[in-house]
Amino acid sequence: MKRRAASSVSSRSLGVRALLVIAISAVGVAALLPSVRGQDRNFAGSIQSSYLYVHDQEDIPGRVRDRVFDGFTTELSVKLAVDFNEHISTNVKLCYGCHGVEIDMAYIDLVAVDELRFRAGRFNPAFGELPLRHDPANHRTIDKPLPYDMGRMLRWRDFNGSVMPSPYVDNGLEVSGTHWFGYSFQIDYAVYAVGGFRGDNQDDDFDFTQSRSGNSYYVDNNSRPSFGGRYAMTLDLAEAETTFTLGASGMAGYYDPDAELSYWIAGADFYARLKTFELRAEYLVRRTEMFLGDAPASRFKYGPGKNGFDRYMLKEGFYVEAIMPLLPRFELVGRFDGLRRVGNVLSSSSLSKRSSVLRYTLGGDVSLGHGVRVKLSGEYYDFNDFKNEIAAMLGVVAVL
Amino acid sequence: MAAFVLLSSGCPSPASQGTLYMDTSKIPAELREDYASFATNCSKCHSLSRALNAPVRDPSHWDLYVARMMRTAGSAISPNEKPHILRFLHWYTLSRTDSVSSGEAYTPSADLLNEPEAAPVVEAIGPEPAPAPEPPPSDLAPSEGQPLEVQP
């Protein structure tokens, strides 16, 4: 415990210093920037309304409901971006979904040069490829891939969500940049200090509702920043209409108010475009420390191992997604994704020590014009702890 | 499902600007390549309708906006593709705001393609320059070739 305390102090000191360096740099850049000469406002948004049909859903063990239909699940987002000049812009975005209304973005963007950019406020920290297009109007399926799912997958409550529900929004500071080597090779980096994921002192996993609840005024629950970053390389062969991107991301911190329960997340992503054909693949893994308590034998479902109770659980997920335009207004989408949780579970959990799901999705996306699209998909869930499920989703999305 | 297929293979219409589809016959021939650059790059992260339906009336808006998109990680919008994207968006915005009628020939700026970091395109295809100021009254006008004397 002493070693942990010493480590905590050291980590906290390092974090404070890093924040100071970032803040001073941001102020310096702002002071050097030319005066604001005007504003350019851009309003954007989207709305998606979807319907989920599940054939014979087993919502609790032993109870099977025939033909379950969840209708009119709506996701709405509106965003205002103001470009003061080429160096300063602000973004404010409001979202409405199953979680109610929340602030998805509220940040100031300072750009010294393309290689040095600061974001301060509430934003989506750079992690992985999907968060770049997390808005329902930007991705082709109604729901997100399992590693990023935020409440749309079947058995979501049993798994307590995914590896990193998207959009992951947090408060903090981010330094990022992009640089082109010639006209074909691009590198991007981002490092940030944010509040981090949240939970309670006696939790065994994150409590995602705390991350997006305005009730706590979005304040960091443990006053201890989490740190993360992303690095990506892009090869763009414009003549061949081919693009490849390879990225890696990481993040680490504490999620409980006492800053005793640690976590880290790592991810790798790949993107390829060959003319109009697109292929995406990502892998995410998160190790989360669980609260054992004084009597873990009564708290957890499984007994101790050779070294006692394991205080860590691993949650990992992947997806591979292919998009192929077949007709002028129609794209075919195929996706294979999975999610697995490895580790002890609470005695009340319906999961086993190694619980997983594989999902097979085939869908389509039709453009009706004026930014309105219809999405349709069929999904097959292959659970190892539960009955397999077949689901169908139909949605309409419009760009505002 | 039948309706789904029917919709997806429907007749093209100038108003159809969706995920990938736009009636490119309305685009001047010299801008088709620019449109292709716009479609390839911008559709990586969002639907084209995001840009095509944006309530933008000032073409210069796109200069800052595309610069911001270039800084998005993995955007793959290279410095030499930027002017192509801008040239299409400028033309498209002007055509929507009736500054350029859809059938009117569009003369692109050669400089724009030669210089990736060229000045905003709006200067090349923007509105007519402001009229010259009114000449001074004849009794104050200098004679030809003589400098104007400023009264104290």
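Colleague: How many residues does each chain put into the contact between chain B and chain A?
Modeller: In this predicted model, chain A gives 57 residues and chain B gives 44 residues.

Colleague: And how much area do the two bury between them?
Modeller: About 4,200 Å², with 56% of it on carbon and sulfur atoms. The size of an interface is often given this way, as the accessible area lost when the parts come together.

Colleague: How many salt bridges between chain B and chain A?
Modeller: The count is three. One of them joins the side chains of B:Arg68 and A:Asp83, at 3.0 Å from N to O.

Colleague: What about polar contacts across the interface?
Modeller: There are 10 residue pairs in polar contact, both residues of each being at pLDDT 80 or more.

Colleague: Which elements of chain B give two or more residues to the side that touches chain A?
Modeller: Those are α1 (2-8), α3 (48-52) and α4 (61-70) of chain B.

Colleague: Which one gives the most?
Modeller: That is α4(B), with five residues.

Colleague: What is that side of chain B made of, by class?
Modeller: It has 21 polar, 18 nonpolar and five charged residues.

Colleague: Back to α4(B). Why is it called largely enclosed by the rest of the structure?
Modeller: Because nine of its 10 residues are buried, and buried here means under 20% relative accessible area.

Colleague: Which residues of α4(B) are buried?
Modeller: From the start of the helix, they are B:His61, B:Trp62, B:Asp63, B:Leu64, B:Tyr65, B:Val66, B:Ala67, B:Arg68 and B:Met70. B:Arg68 is thus on the buried list and also in the salt bridge with A:Asp83.

How values were computed: Residues numbered from 1 in each chain as written. Chains lettered and ligands numbered in written order. Predicted model: local features only at pLDDT ≥ 70, side-chain atom pairs only at ≥ 80, totals over all residues. Heavy atoms only, no water. Contact = heavy atoms within 4.5 Å. Buried area = accessible area lost by both parts, 1.4 Å probe. Salt bridge = Lys/Arg side-chain N within 4 Å of Asp/Glu carboxyl O. Polar contact = N/O pair within 3.5 Å; in protein donor to acceptor, adjacent residues only side chain to side chain. Helix = DSSP H or I, 4+ residues; strand = E, 2+ residues; numbered from the N terminus. Nonpolar A, V, L, I, M, F, W, Y, C, P; charged D, E, K, R; others polar. Buried < 20%, exposed > 50% of the residue type's maximum accessible area, 1.4 Å probe, protein only.
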